[in-house]
Amino acid sequence: MSVVAKKAAKSNSAKRYWLMKTEPESYSIDDLANEKKQTTFWSGVRNYQARNFMRDDMQIGDEVLFYHSNANPPAIVGTAQVVKESYPDHTSWDKKDHHYDEKSTPDAPRWFMVDIQLTEIFEEALGRDQLTGVAALADMELMRKGSRLSVQPVKKSEWDAVLKLAKRSKKKK
DNA sequence: GCCAACGTTGGC
DNA sequence: GCCAACGTTGGC
């Protein structure tokens, strides 16, 4: 199926839930909060599985858990929303960009991205230790040992469980 | 800094 | 198509 056909096919499907990882040293949720309209393009993904989720499956209104990896502690720190569906990642043909890929060109883009807008920063980040042992999150991709997928689908039950934990941590404050 | 668990590359 | 070597991710 072509990319266009896939986009047409997804247009009627229900809202989906995702998790996106970022290293806060390179881009954090505070950086997102400081953007104009608190919106940014999610460039730099160079993994085919993650790209395919963005290119083929993400739609406007989908909700995103925002995760800080390689952080202390690694944690889900807030939520965002998809506000623009996939389009070519221009950083892939920028020779000065760290994520430059000589095989990607404007005519034949290899990498894609979406735009996301900040929804909420959790008052207290949800560290992995707080996610470990939660029954509803036992099968979450994020919690699987060795999982490296930087854009990953989240089940609604997992989304609900995470937000519930976030609210609880908010009350504690 | 260590290293397990990946994903990609390239020789064959 | 197989798979060893290599580079990367990311928790600890």
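This is a conversation about how to read a predicted model of a protein with DNA.

Visitor: Let's start with the DNA. Which residues surround DNA strand C?

Guide: Begin by looking for the residues around the strand. Here they are Lys21, Tyr67, Ser69, Asn70, Pro74, Arg128, Ser147 and Arg148. Sugar and phosphate make up 68% of the atoms of DNA strand C that come within 4 Å of the protein. By class, the residues of this surface are 2 nonpolar, 3 polar and 3 charged.

Visitor: Which side chains have a polar atom by a phosphate oxygen of DNA strand C?

Guide: Look for pairs of N or O atoms. Lysine 21 has a polar side-chain atom 2.9 Å from a phosphate oxygen of the strand. For tyrosine 67, a side-chain N or O atom is 2.6 Å from a phosphate oxygen. The backbone can take part too: a polar backbone atom of asparagine 70 is 3.0 Å from a phosphate oxygen of DNA strand C.

Visitor: Now for empty space. What is the volume of the largest pocket?

Guide: Rolling a probe the size of a water molecule over the atoms reveals where space is left empty. In this model the largest pocket has a volume of about 740 Å³. Strands β1 (17-22) and β2 (39-41) are the elements that each give two or more residues to its lining. The lining has 24 residues in total, and those nearest the pocket's centre are Lys21, Thr22, Glu23, Ser26 and Ser69. Sorted by class, 7 lining residues are nonpolar, 12 are polar and 5 are charged. You have met Lys21 and Ser69 already, among the residues around DNA strand C.

Visitor: And inside the protein, which residues of the largest nonpolar core touch the most other members?

Guide: Look for buried nonpolar side chains that touch one another. The largest nonpolar core has 22 residues, and Met20, Trp42, Met54, Met58, Phe66, Ile116 and Val151 touch the most other members. Among the elements giving two or more residues are β1, α3 (48-57) and β5 (112-127). The most come from β4, with 4 residues.

Visitor: Which residues of α3 are buried?

Guide: Ala50, Arg51, Phe53, Met54, Arg55 and Asp56 are. At the start of α3, a side-chain oxygen of asparagine 47 comes within 3.0 Å of the backbone nitrogen of glutamine 49.

Visitor: One last residue: is glutamine 152 buried or exposed?

Guide: Compare its relative accessible area with the cut-off for buried, under 20%. Glutamine 152 has 0%, so it is buried. This residue lies in strand β6 (residues 151-154), and its side chain reaches the backbone nitrogen of leucine 142 at 2.9 Å.

Notes. Residues are numbered from 1 along each chain as its sequence is written. Chains are lettered from A and ligands numbered from 1 in the order in which they are written. This is a predicted model: local features need pLDDT of at least 70, side-chain atom pairs count only at pLDDT 80 or more; totals for chains, interfaces and linings use all residues. Side-chain values use heavy atoms; hydrogens and water are left out. A residue is near a molecule or strand if one of its heavy atoms lies within 4 Å of it. A polar contact is a pair of N or O atoms within 3.5 Å; within protein, one must be able to donate a hydrogen and the other to accept it, and residues adjacent in sequence count only if both atoms are side-chain atoms. Ala, Val, Leu, Ile, Met, Phe, Trp, Tyr, Cys and Pro count as nonpolar, Asp, Glu, Lys and Arg as charged, and the others, Gly among them, as polar. On a 1 Å grid over the protein atoms alone, a cavity is a set of points where a 1.4 Å probe fits but cannot get out, and a pocket is an open set with protein on both sides within 12 Å along at least five of seven lines; lining residues have an atom within 4 Å of a point. Grid points are joined across faces, edges and corners, and a volume is the space filled by probe spheres set on the points. A nonpolar core is a set of buried Ala, Val, Leu, Ile, Met, Phe, Trp, Tyr and Cys residues joined through side-chain atoms within 4.5 Å. Buried means under 20% relative accessible area, exposed over 50%, partly exposed in between (1.4 Å probe, protein chains only).
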